[in-house]
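Me: I'm new to reading protein models. Could you walk me through one, feature by feature?

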Amino acid sequence: MWAPVSVSGSLKTKTGWGMLQFRADPGTGTGLVSGIAAGTMTETQLRGTIMTAYFIRRLLLIVPTFIGITILVFVITRFVPGGPIERIIAQARQMQMAGYGSGPAAPGSQTQPLSDEQLRTLKEYYGFDKPVLASYFSWLYKVLQGDLGVSTRYYDPVWDMIKERIPISLYFGILSLVIVYGVCIPLGIAKAVRHKSGFDNVSSALIFIGYAVPGWVVGVFLLVLLASHWEIFPLGGLVSEQFEDFSLWQKIADLAWHTVLPLTSYVLGSFAVMTFLMKNTLMDNLAADYVRTAMAKGLSFRAAVFRHALRNSLIPMATSFGNNISVILSGSFLIEKVFNIDGMGLLGYESVVERDYPVVMGILVISALLFMIGNILSDLCVALVDPRVKFE
Amino acid sequence: MLRLNPLTLKKIRRFRSIRRGYYSLIVLVVMIVLSLGAELLVNKRALVVCYKDRLYFPTYGDMIPGRTFGLDYDYETDYRQLKKIFARRNEGNWVLMPPIPYDPYENDLRKDDFPPFAPSLASRHFLGTDAVGRDIAARLIYGFRIAIFFSLGLLVINYLIGVAVGCAMGYWAGAFDLVFQRLIEIWSNVPFLYVIIIISSIVVPTFWILILIMALFGWMGMTWTMRTMTYKEKARDYVLAAKALGAGDLRIIFRHVIPNTVAVIVTFAPFSISGGIVALTSLDYLGFGLPPPTPSWGELLQQGWANLDAWWISASVVGAMTVTLLTVTFIGEAIREAFDPRMHTIYE
């Protein structure tokens with residue numbers, strides 16, 4: 001959500017990935033070999049120890065990065081015009097102006113509408129009276145105790161606001177995960193097996209269209225076509241107005257009816273990367289010698305694919321699996337905005353636009369933690385499924 | 001003349017043999033060239049005016065006041081009106097208008113109706129008008145020109161930074177690498193949109209300011225790729241050989257490492273271009289991109305979203321985006337395949 005616009009197209013920064021490197025040739029791990037030669041450990045045990053040490057180091061690195069991220073954004077929030085105090089001053093000025101009537105250049109517009117005393121109270125209330133670092137650390141202290149503060153716009157606790165949105169984002173996140181993996185793996189296999197066939201070419205072209213056009217643009221188009229022009233689907237929102245009065249089945253049907261269009265927008269863009277990853281790795285593996293051996297000893301093509309090639313081809317799919325935990329909680333605010341869905345994405349976007357700093361910081365805390373843990377989980381997934389990965 | 005080595009020539013030949021990508025490249029180049037001459041295709045100024053046996057070419061250059069053509073005003077001539085007047089008087093004068101005789105900024109208002117107007121051949125609004133009566137086709141074409149050059153500019157800056165920093169990280173490794181890794185990790189978590197909104201609340205973003213802001217958050221992808229590539233190249237024997245011959249760090253980087261990573265850079269470029277177009281469109285859609293009334297696809301999409309009944313607005317933008325992004329993606333796919341052909345064994 002925080003990097004909603006992927007600036008570099010398919011170049012997704014995957015921090016942390018570079019530390020894990022595939023060993024080109026499984027036989028040249030001199031470090032491991034010498035460890036075994038020393039005679040105390042088996043290779044698996046040694047690898048386990050190195051792996052544990054490596055991931056503990058990675059987990060510890062979260063702390064400085066987390067502080068770096070939050071301090072940077074915290075400092076920005078302090079030095080930017082348009083914060084909560086300025087908003088209150090502007091509101092007070094407006095009320096004053098209204099009181100003076102619409103005379104030209106009312107004297108109130110030049111002077112400060114609030115007294116120094118009021119300003120000091122406000123600054124104290126929002127923690128703007130202390131130096132930046134001091135108020136940062138008092139914020140951090142509160143966060144460590146599980147207190148994310150109170151929204152400066154709605155005066156609700158930030159955690160409650162976030163908690164309310166999580167089920168919505170989870171709903172879409174899990175559904176799209178299931179659909180993406182459920183469609184891409186079989187589709188990738190089918191495309192690899194029928195490489196260069198008509199089916200392969202047509203599905204490639206369709207997938208490319210979904211990949212090229214961003215999901216929210218597709219969303220706008222679907223709205224115009226299917227919701228406004230043909231009136232098949234609703235114009236937005238997650239449930240109908242009479243939702244409370246519905247029976248259980250009606251509720252489910254209503255929810256599903258509202259889900260179709262946004263879910264389509266969510267899912268379309270993800271098909272391309274996953275499907276082609278699946279297809280290409282499977283084809284690489286099909287061309288590998290061990291599959292040829294399997295075929296040569298008389299195994300059927302089907303068995304060669306499903307018993308041998310497929311297992312190895314699922315490894316690259318695992319590389320991105322860990323990052324899914326943050327996908328679940330973020331969701332595209334553009335799609336949520338188009339379809340008027342009150343999820344985490346929209347909350348983050350609105351808090352940024354309205355300068356609701358505690359909410360901005362609260363979401364940042366959660367998304368940054370999920371992002372970093374997701375990266376480590378991804379690496380862990382890869383290390384677990386592929387014994388050839390070495391750690392540096 | 002640039003001397004291409006046989007390997008590059010082979011790659012270019014392979015690219016041309018991939019029909020889908022090759023034709024997409026031709027289509028895209030034609031689109032860019034046409035958009036450069038957009039003033040000749042989409043303009044409220046006439047291409048040629050023949051008045052009293054003299055030819056005028058008003059497209060480029062200063063505006064020509066109406067009095068020049070025998071009208072009774074000193075401001076710029078209304079050529080669409082002039083054409084009607086000449087046709088009525090039938091004195092041998094004539095006006096040749098561009099195919100789309102509207103300016104992207106001009107509101108074509110009518111007395112008896114309110115915009116948006118549906119597409120019509122008679123009024124020469126081939127794709128209709130937007131909610132304030134501006135011609136959609138005109139805004140699409142000018143918007144395309146801005147978007148494509150925006151993403152080209154963004155690409156150049158991103159790649160310059162990315163190649164420089166990424167190479168340095170990969171080549172010198174160690175503490176320098178570690179520090180930059182943390183920095184990237186921190187920087188990539190800063191809410192990108194947040195900074196854009198803040199900056200655009202202080203200054204009105206111009207074309208170049210917006211590119212710089214986007215580059216501030218866009219350099220990391222290429223940096224990361226270059227870092228990995230440099231690591232790989234550095235470990236290879238030819239670098240060791242160059243070192244043994246006494247080549248310095250800079251020579252190795254510029255003469256050996258970078259030329260060997262060009263393939264990767266070129267492969268990523270088309271995807272960066274489509275990414276840039278999408279980024280600009282998204283920002284414009286939200287209202288944080290280039291200030292109005294700059295012609296922009298994002299702003300048109302916003303209008304299409306707000307006026308769901310006027311289906312032609314969203315339909316034309318989505319159509320234009322699909323065509324553009326699809327050609328760019330096809331080019332990218334073809335380049336990738338040309339540079340890294342996957343020759344698979346296929347079981348019959």
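Reply: Sure! Keep in mind that this is a predicted model. Let's start with one residue and the company it keeps. Setting aside neighbours within four places in sequence, Ser24(B) is in contact with Thr327(B), Phe330(B) and Ile331(B).

Me: Where does Ser24(B) sit in the chain's secondary structure?

Reply: Ser24(B) belongs to helix H2 of chain B.

Me: And is Ser24(B) buried or exposed?

Reply: The general idea is to look at relative accessible area: under 20% is called buried, over 50% exposed, and anything in between partly exposed. Ser24(B) has 6% relative accessibility, so this residue counts as buried.

Me: What about Tyr23(B), where is that one found?

Reply: Tyr23(B) is in helix H2 of chain B, which covers residues 19-36. Its relative accessible area is 46%, so Tyr23(B) is partly exposed.

Me: Which residues form a nonpolar patch on the surface?

Reply: Tyr23(B) is one of them, along with Ile26(B), Val30(B) and Leu34(B). Together they have about 360 Å² of accessible area.

Me: Let's zoom out. How is chain B divided into domains?

Reply: A domain can be made of separate stretches of the chain, and you can see that here. Domain 1 of chain B takes in 6-36 + 138-339, while domain 2 covers 44-97. Taken over C-alpha atoms, the centres of the two domains are 44 Å apart.

Me: Can you show me a residue in a loop?

Reply: Try Arg67(B), which is in the loop between strand E2 (54-56) and helix H4 (79-89) of chain B. With a relative accessible area of 48%, Arg67(B) is partly exposed. Leaving out neighbours within four places in sequence, Arg67(B) is in contact with Asp72(B), Tyr73(B) and Asp74(B). You can also compare sequence with space: Arg67(B) and Leu96(B) are 29 residues apart along the chain, and their C-alpha atoms are separated by 19 Å.

Me: Now chain A. How many helices and strands are there in it?

Reply: Chain A has 15 helices and two strands. Of its 392 residues, 48% are buried. As for its outside, the accessible surface is about 19,400 Å², and carbon and sulfur atoms account for 65% of that.

Me: How do I read contacts across a whole chain?

Reply: Ask how far apart the partners are in sequence. In chain A, take the contacts with a separation of 6 or more: 74% of them are between residues 24 or more positions apart.

Me: How many residues of chain A are in contact with chain B?

Reply: 66 residues of chain A are in contact with 64 residues of chain B. You can also describe an interface by its buried area. Between chain A and chain B that is about 5,800 Å², with carbon and sulfur atoms giving 74%.

Me: How many salt bridges are there between chain A and chain B?

Reply: Zero between those two chains. Over all chains, though, the count comes to 19 salt bridges.

Me: Which residue forms a salt bridge with Asp379(A)?

Reply: The partner is Arg58(A), and the closest N and O atoms are 2.8 Å apart. Asp379(A) is in helix H15 (residues 357-385) of chain A and Arg58(A) is in helix H2 (residues 43-78) of chain A, so the pair ties together parts that are 321 residues apart in sequence. Asp379(A) is buried, with a relative accessible area of 1%, and Arg58(A) is buried as well, at 6%.

Me: What about partners that sit side by side in sequence?

Reply: Look at Arg165(A) and Glu164(A), whose side chains meet in a salt bridge at 4.0 Å, N to O. Arg165(A) counts as buried at 10% relative accessibility, whereas Glu164(A) is exposed at 58%.

Me: Can you show me one inside a helix?

Reply: Arg336(B) and Glu333(B) form a salt bridge, at 3.2 Å from N to O. They are three residues apart in helix H12 (residues 311-339) of chain B, so about one helical turn separates them. Arg336(B) is partly exposed at 22% relative accessibility, while Glu333(B) is buried at 17%.

Me: Which residues do shared salt-bridge partners join into one network?

Reply: Those are Asp130(B), Arg134(B), Arg139(B) and Glu299(B), joined by salt bridges that share partners.

Conventions
Residues numbered from 1 in each chain as written. Chains lettered and ligands numbered in written order. Predicted model: local features only at pLDDT ≥ 70, side-chain atom pairs only at ≥ 80, totals over all residues. Heavy atoms only, no water. Domains from an automatic or database assignment. Helix = DSSP H or I, 4+ residues; strand = E, 2+ residues; numbered from the N terminus. Buried < 20%, exposed > 50% of the residue type's maximum accessible area, 1.4 Å probe, protein only. Contact = heavy atoms within 4.5 Å. Areas by Shrake-Rupley, 256 points an atom, 1.4 Å probe, with all protein chains shown as cover. Patch = residues over 30% accessible without salt bridge, like charges linked within 9 Å, V, L, I, M, F, W, Y side chains within 5 Å. Buried area = accessible area lost by both parts, 1.4 Å probe.
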